[in-house]
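Trainee: Could you take me through this one slowly? I'd like to hear what lies behind each label, not just the label.

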Amino acid sequence: MGDSEDYLSVVERLPLFRSLSAVDRAELLRSSVQHGVAPGTVLFFQGEMPNFQHIVLSGSAHLFGRSTEGREVLVETVEAPDLVIPAAVLTEEPYLMEARVPQASQFLLIHGAAFRAAVASQPALAQEVIGCLAGQFRRMVRQIKNLKLRSATQRVGCYILALSKRQGTPDRAVLPYEKGLIASELGITRESFSRALSALQQAGIEVRDGTIVIRDASRFAAECMLDPLIDGPERTWGGVDTASRGSPP
């Protein structure tokens, strides 16, 4: 997105704007700005009031929660073309998490008041936002089930399988960031993450620094107890038919 034409073409393809007329889209974009940020940039802090609706055009944002004692955990990663915590913007409530950018990324910032007014007046936009909120809610429910219903080893195994699927490499997964941050996202310590990787080597994987080689995908998937109501609606993961476990696809 090196020039304004590229920027506009990307914006026009955003799911958020696909149901808007050209006039309505142009009106909303008058209250927006494209924002390129460097790795490590904090978009906003936990407890801060939202001024803008952030939309990820490229790259991603990590959402961190922090306790009063200063303990920090990675709650979720928001990737393009999703909205960053629209619930806070729509309700005009403080952010419950901090947003930090892990890599060079591009965001579209729409002024909060203009975004709320557009959602209130344009049913097509409101439906898109509702769809976004519904998707984020379902992701959060899946995450809670993953944390509460699975052992640390199962969480790590399912994370590796999801990563390999997203990367399009069924025989391996490249860890996207350092192990401590991944462990935080999975609700375990770095030490527990390492122990889980060690245990899973008996189930068909090999650890090579930041790359996990999947030697026996079917055995590995079976060992991790994949569940489409937690891991996604795909019928097969690593050759295992998850629908046969009794959960609908």
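Trainee: Let's start with a pair of residues: what stands opposite Ser 58 in S8?

Mentor: Gln 106 does. Strand S3 (residues 52-58) and strand S8 (residues 105-111) run antiparallel and are joined by six bridges. Strands count as paired when DSSP finds at least two bridges between them, so six bridges qualify. Strands here are DSSP runs of E with at least two residues, helices are runs of H or I with at least four, and both are numbered from the N terminus.

Trainee: And the ground rules?

Mentor: This is a predicted model, where local features need pLDDT of at least 70, side-chain atom pairs count only at pLDDT 80 or more, and totals for chains, interfaces and linings use all residues. Residues are numbered from 1 along each chain as its sequence is written, and side-chain values use heavy atoms, with hydrogens and water left out.

Trainee: What makes S1 and S6 the edges of their sheet?

Mentor: The open sheet holds four strands in the order S1-S8-S3-S6, with antiparallel pairing. Strand S1 (32-37) and strand S6 (83-84) each have a single partner strand, so one side of each has no neighbour in the sheet.

Trainee: Which strands are at the edges of the open sheet S2-S7-S4-S5, and why?

Mentor: Strand S2 (42-44) and S5, because each has a single partner strand and one side left without a neighbour. The pairing in this four-stranded sheet is antiparallel, and the twist averages 30 degrees from one strand to the next. Between strand S4 (residues 60-66) and S5 there are seven bridges, and Arg 66 stands opposite Glu 72 there.

Trainee: Why are H6 and H9 called oblique to each other?

Mentor: Helix H6 (residues 152-167) packs on helix H9 (residues 217-224) at about 135 degrees, with the axes 9 Å apart. The axes are lines fitted to C-alpha atoms over the stretch in contact, and the angle runs from 0 to 180 degrees between N-to-C directions. Under 35 is roughly parallel, over 145 roughly antiparallel, 65 to 115 roughly perpendicular, and the rest is oblique. That makes H6 and H9 oblique.

Trainee: How do you know that the span of helix H5 agrees with its 27 residues?

Mentor: The expected span is 1.5 Å times one less than the number of residues. For H5 (residues 123-149) that gives 39 Å, and the end C-alpha atoms are 38 Å apart, so the two agree.

Trainee: Why does Glu 92 count as partly exposed, and why does Arg 195 count as exposed?

Mentor: Buried means under 20% relative accessible area, exposed means over 50%, and partly exposed is in between (1.4 Å probe, protein chains only). Glu 92 has 47%, so it is partly exposed; Arg 195, in helix H8 (residues 190-200), has 55% and is therefore exposed. Met 225, at 44%, is partly exposed. Glu 92 also has a positive phi of about 55 degrees although it isn't a glycine.

Trainee: What makes a set of residues a nonpolar core?

Mentor: Its members are buried Ala, Val, Leu, Ile, Met, Phe, Trp, Tyr and Cys residues joined through side-chain atoms within 4.5 Å. The largest has 38 residues, with Phe 17, Val 84, Phe 107 and Leu 108 making the most contacts inside it. Apart from it lies another core, of 24 residues, including Leu 163 and Phe 193.
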